[in-house]
Amino acid sequence: MTDEERAAVDEGHMRTALQAAARALPSPNPPVGAVVTDADGAVIASGFHERAGEPHAEQVALTAAGASAKGGTLYVTLEPCNHVGRTPPCVDQILKSGVRRVVIGCLDPNPNVEGGGAERLRAAGLKVDVGVLGDATTAFLEPWSTFITTGLPHVSIKLALSLDGRIATRTGASRWVTGPEARAKVQELRAQSDAVAVGIGTAIADDPRLTVRDPDFAGRHPRRVIFDSSLRLPADCRLVQTTDAAPVVVITTPEASEDRAAELAALGCEIARVSATAEGRVDMESALRYLAQSGVVSLLIEGGAELAGSALASRLVHRLHAFVAPVLLGPRGRPGAVDWAGPDTPDQAPRIVRPTWELVGDDAYVHGAVQFPGKE
């Protein structure tokens with residue numbers, strides 16, 4: 001087999017491992033997939049890290065492969081762990097399995113373990129290749145890399161707006177600006193997130209559930225987070241009345257009413273008090289740090305305009321998903337898609353770098369990583 005043929009085979013197996021990783025829900029651990037081939041190069045097993053505390057992807061795949069793994073190759077999207085956590089080190093089982101080669105998508109960005117797994121495998125005499133589909137595996141792990149290196153969640157903002165930048169009519173009506181296909185895509189984004197967040201204005205005006213209702217993503221209910229500096233969340237709203245469906249976290253300030261906090265807590269809500277801004281609002285970075293400490297790796301901000309604006313002003317947003325409907329709601333519509341002071345000039349504005357444009361039903365969908373000028 002030529003080098004080119006070997007590279008193509010390796011990329012194909014790593015792509016399969018990535019597909020397996022997409023099924024993982026192990027937060028706050030990284031989503032990892034693995035594939036095992038036998039000595040002749042035939043795929044004999046695959047696996048993924050399903051839940052935190054359960055066996056890692058390498059362990060699942062190697063256990064399924066059994067003795068057939070001897071002399072074969074392990075493909076894994078992330079460098080195998082070499083430390084004891086809730087499960088034994090994956091490197092131990094790899095060495096016991098008898099595989100002769102390990103192909104890794106990307107090294108572990110965790111500053112406490114970087115390089116340890118690959119180095120130990122090489123020291124034991126295994127052939128180790130790193131960087132196969134490296135860009136794809138690194139991009140897939142971006143949320144977890146952000147979480148493990150910064151102590152903050154990976155934050156995405158979803159916007160649904162009209163051609164003239166509005167999210168509601170002059171009467172405040174906002175259902176529905178975008179079409180059913182766009183709303184189905186939002187269900188997918190929710191299912192891929194550990195938590196979804198709205199501001200108290202949206203929680204009161206729209207009375208959302210923020211659950212995942214698409215049967216294709218059954219059971220993937222993220223935590224529901226409400227930014228509510230004064231604890232105005234109604235006790236009879238659908239969020240509070242469905243705490244048994246998925247956790248509800250109300251983020252508030254130290255000055256908020258103790259009685260209201262006790263009332264909401266008695267109804268099943270988690271009350272989180274974090275620092276307040278000079279204006280008395282929830283401090284964004286303090287809120288994000290609290291969520292990360294409770295295991296939220298990825299956060300999707302769904303509304304409203306003030307919360308999106310606060311997140312952008314904090315410069316702690318990583319991705320943007322904007323659905324633009326082919327309708328005009330009028331220059332006096334309220335509110336705009338984002339409510340914040342904004343930049344002084346266009347060249348100071350945050351923007352999507354290398355945006356992807358798609359047509360979702362009749363709506364335009366643009367998404368990608370957000371870049372803030374002057375920020376590394």
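Two strands pair if DSSP finds at least two bridges between them. The model shown in these views is predicted.

**View 1. An open sheet is built from nine strands.**
The strand order is S10-S9-S8-S7-S11-S6-S12-S14-S13. The pairing is mixed. Strand S10 (270-273) and strand S13 (351-360) are the edge strands. Each of these two pairs on one side only. On average, neighbouring strands of this sheet are turned by 20 degrees against each other, with direction ignored. Strands of a sheet pair through backbone hydrogen bonds, and the pairing is either parallel or antiparallel.

**View 2. Strand S12 (residues 319-324) pairs with S6 and with S14.**
How many of the six residues of S12 are buried? Five are, so S12 is largely enclosed by the rest of the structure. S6 and S12 run in the parallel sense, paired over six bridges. Look for Ala-160: its bridge partner in S12 is Phe-323. With strand S14 (residues 363-371), S12 pairs in the antiparallel sense, over six bridges. Here Val-324 stands opposite Ala-364 in S14.

**View 3. Strands S7 and S8 run parallel.**
S7 covers residues 195-199, and S8 covers residues 223-227. Five bridges join them. Start at Ala-195 and find its bridge partner in S8, Arg-223. In a regular strand the side chains alternate between the two faces of the sheet.

**View 4. Helix H12 (residues 305-314) lies across four strands of the sheet: S6, S7, S8 and S11.**
Strand S6 spans 154-161, and strand S11 spans 298-303. H12 runs at about 140 degrees to S6.

**View 5. Thr-252 sits in strand S9 (residues 248-252).**
Is Thr-252 buried or exposed? Its relative accessibility is 0%, so Thr-252 counts as buried. Which residues does Thr-252 contact, leaving aside its neighbours within four places in sequence? One run of partners is Asp-228, Ser-229, Ser-230 and Leu-231. Another is Ile-271, Ala-272, Arg-273 and Val-274. Val-282 is also in contact with Thr-252.

**View 6. Strand S4 (residues 101-106) is mostly covered.**
Six of its six residues are buried. S4 pairs with strand S3 (residues 73-78) in the parallel sense, over five bridges. Leu-74 has Val-102 in S4 as its bridge partner. S4 is also joined to strand S5 (residues 127-130), by four bridges. S4 and S5 run parallel too. In that pairing, Val-103 stands opposite Asp-129 in S5.

**View 7. Helix H2 (residues 57-65) packs with helix H3 (residues 90-97).**
The helix axes are 9 Å apart, at an angle of about 25 degrees. Angles under 35 degrees count as roughly parallel, so H2 is roughly parallel to H3. H2 passes H3 in a left-handed crossing. Which residues of H2 and H3 meet? H2 brings Glu-58, Gln-59, Leu-62 and Thr-63. H3 brings Cys-90, Gln-93, Ile-94 and Ser-97. The residues of this contact divide into three nonpolar, four polar and one charged.

Methods
Residues numbered from 1 in each chain as written. Predicted model: local features only at pLDDT ≥ 70, side-chain atom pairs only at ≥ 80, totals over all residues. Heavy atoms only, no water. Axes fitted to C-alpha atoms, helices over the stretch in contact; angles between N-to-C directions. Contact = heavy atoms within 4.5 Å. Parallel < 35°, antiparallel > 145°, perpendicular 65-115°, else oblique. Left-handed = near helix turned anticlockwise from the far one by under 90°. Nonpolar A, V, L, I, M, F, W, Y, C, P; charged D, E, K, R; others polar. Buried < 20%, exposed > 50% of the residue type's maximum accessible area, 1.4 Å probe, protein only.
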